[in-house]
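Student: Please take one strand of this model and go through its surroundings closely, then place that part in the rest of the assembly. I would like the pairing, the burial and the confidence treated together.

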Amino acid sequence: MRVSFFIILCICFTFSLYAQDITFTAADNPNDDGGALLLQWNVPLSYPEMILTRSIDRKNYIEIAAVTPLLKSFIDDENIEDGQEYFYKLSVLNIEGETLQSFSASAIAKAEWFNTDKISLLIMTILLGSAITYFIFSARKGKRLYIRKISGLDTIEEAVGRATEMGKPLLFVPGIMDLDDMQTIAGLNILGHLAEKVAQYDSTIHVPVCRSMVLSTAKEIVKESYLRAGRPDAFKPDSVFYLTDDQFGYVAGVDGIILREKPAATFYLGAFYAESLILAETGFESGAIQIAGTAMPTQIPFFVAACDYTLIGEELFAASAYLSNEPNQLGSLKGQDVGKAIIIITLVVGVVLEMCGIHFLKDFLVTH
Amino acid sequence: MRRQIPMLITFLVGALIIVSEFIPHKPFNNLSTSLEGWFLIISGFAIILGQLSLFKVNIIKISRKAPNWPYFIIALVSFSIMVICGILWGTQQQPGLIPASEKMLNFFGVKPFDYIFKYLFENLSATMFSLLAFFMASASYRAFRARSPESTLLLIAAVLVMLGRTTIGSTLTGWIPDSLGFLHLPNIASFIMKYPNTAGQRAIMICAGLGVIGSSLRIILGIERSYLGGK
């Protein structure tokens, strides 16, 4: 009785194998640097257990993974050599571990020269790069470009003048991140312009830094600014100094400087985290004019609450170009605005298409 | 020449990084990781510069008897103690020059560096961090004053979110029938955080992303030279 039941079960199971399209394919894993093959299968979900085996000579197969029908795909990247053909078997096992059926496929791995997953990024890069280049050349040819006023940057000269009149120093904090963060570089670019003004007004500036690499760069920038202002003798190498790499140790150090020195103006321009409000509130207590700028969305509200002027997101990156007033740099800002327009149009078109049930744009942007 | 060579290096490295983003083939695939590795190595060496700067600035202030100069002695002594403890006896993960004696381990419970780190440094850091709560209260008090339509809107949104995120919010609007569930304070708070707040944050992030691309292009093309001390 039990044997006949098992035979019926096996027959039903065998029929079920042919009840739907069963596919098993092996191919090069796309958009990678080689060394990986993509195995895909479409089998009934009722299959109990399956194993994947691999061979290079179609004789000696080694097990590489136990998989399920639901998994649908597997990337084999263990000891795969480019140019070598690999043979795979997907074996369906019964509950006793015996092979009921197996499917075969083979593939050769290779490295690609272009990542098709990044087409949208490439298109955006080309569009943005072209727009920026176009406006740079337009500005060079003398075309007048309208750039809106950024109050925080227009106040820099006023802040330096105020510090000079009061006989108090200025404090510049370039954030707590290293030079590999674009916000730190943007902050340091502004430092160059600020230090030049400081040198012209014969004021003093303190630049406590949190990273050694930033120390070297900031020192060089301030030194060059003094040189450009024609006052290399007034440059004090110790005005740019290192405190600590530790976030709150740095905050304690800067807070101490603010409370002791009572700077006339404080600048927080760079990447900030939880320390932003501690610094800005201490500066507020000391009565300094405060100008802050960061691209950290979570810290911007703190700066807005505690500082007189805040450069929000892109304004921080635009600051150096804005202050330089060079056509080349202003042209690049205009190019960024074109990029913003492209993004807004894409967003609006995407929303409209999604509402109409057309998912082409979303699918393209998600997969590419 | 002093500027041209760094600018050329910047251009080549920047262009290579951009190209490698789209080419998964060797040697472009590991370029970004390799350069990040180089950065870490350089910053590892640069830390000596930072420490020298710290020493120099503090010693100058002590020798000139600058205001509050005893504090600079404390900074130097603390720094030296940490360096000496770290080099001599090492840390829990890294062995030092000499093994920590049994007596020392019994006394501190851990190695001296770990002891100071855990029982002094971590507490001092936590103290600084906890100051944030008080500063947040004072900043909120100023920010939430209804001086203009915008700040009034901010005040209303803040009150709704604060109430909605506490049990008081649920209690206050608990009597509202489920058919008007969208008027429950927790739901209003979630709505504000999920839609207007997220939209605002994303707008800032998109614009900041564009700013990063613009700045990077300016630096790569040599238009922006402030980081080299140029104008």
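Tutor: What follows starts from one strand of chain A and works outward to the other parts of the assembly.

The model is predicted, and the part chosen is strand S8 of chain A, residues 170-175. Among the elements of chain A, S8(A) has the highest mean pLDDT, 97. At the other end of that ranking stands helix H1 of chain A, residues 2-17, with a mean of 54. Chain A as a whole averages a pLDDT of 89, and 95% of its residues score at least 70.

Burial comes next. Six of the six residues of S8(A) are buried, so the strand is largely enclosed by the rest of the structure. The cut-off behind that statement is 20 or more other C-beta atoms within 10 Å of a residue's own.

S8(A) pairs with strand S9 of chain A, residues 205-209, in the parallel sense and over two bridges. In this pairing Leu171(A) has His206(A) of S9(A) as its bridge partner. The connection between these two strands passes through helix H4 of chain A, residues 182-201, and the resulting β-α-β crossover is right-handed.

S8(A) also pairs with strand S11 of chain A, residues 265-271, again in the parallel sense, here over five bridges. Leu171(A) takes part in this pairing as well, standing opposite Thr266(A) in S11(A). As a rule for such elements, side chains in a regular strand alternate between the two faces of the sheet.

On the scale of the chain, the domain assignment gives chain A three domains: domain 1 (2-108), domain 2 (116-131 + 329-367) and domain 3 (145-325). The C-alpha centres of domain 1 and domain 3 of chain A lie 61 Å apart.

Two loop residues of chain A can be set against the buried strand. Arg58(A), in the loop between strand S3 (49-55) and strand S4 (62-67) of chain A, has a positive phi of about 65° although it is not a glycine. Arg58(A) is exposed, with 11 other C-beta atoms within 10 Å. Asn79(A), also not a glycine, has a positive phi of about 55° and lies in the loop between strand S5 (73-76) and strand S6 (85-93) of chain A. Asn79(A) is exposed too, with 9 other C-beta atoms within 10 Å. For context, most residues other than glycine have a negative phi, and most peptide bonds are trans.

Chain B is built from eight helices and zero strands. Its radius of gyration is 27 Å, well over the 17 Å that the globule rule gives for 231 residues, so chain B is more spread out than a compact globule. The C-alpha trace of chain B spans about 70 × 55 × 45 Å along its principal axes. Buried residues make up 16% of chain B. Of the contacts in chain B with a separation of 6 or more, 32% are between residues 24 or more positions apart.

The contact between the chains takes 51 residues from chain B and 70 residues from chain A. On the side of chain B, the elements giving two or more residues are helix H1 (4-22), helix H2 (31-63), helix H5 (112-143) and helix H8 (185-220). H8(B) supplies the largest share of that side, 15 residues. In the loop between H1 and H2 of chain B sits Pro27(B), joined to Lys26(B) by a cis peptide bond with omega about 5°.

Conventions:
Residues numbered from 1 in each chain as written. Chains lettered and ligands numbered in written order. Predicted model: local features only at pLDDT ≥ 70, side-chain atom pairs only at ≥ 80, totals over all residues. Domains from an automatic or database assignment. pLDDT = per-residue confidence, 0-100. Helix = DSSP H or I, 4+ residues; strand = E, 2+ residues; numbered from the N terminus. Rg over C-alpha atoms; globule rule 2.2 N^0.38 Å. Buried ≥ 20, exposed ≤ 12 C-beta atoms within 10 Å, placed from the backbone. Contact = placed C-beta atoms within 7 Å. Pairing = 2+ DSSP bridges. Right-handed = clockwise from strand over helix to strand, strands pointing away.
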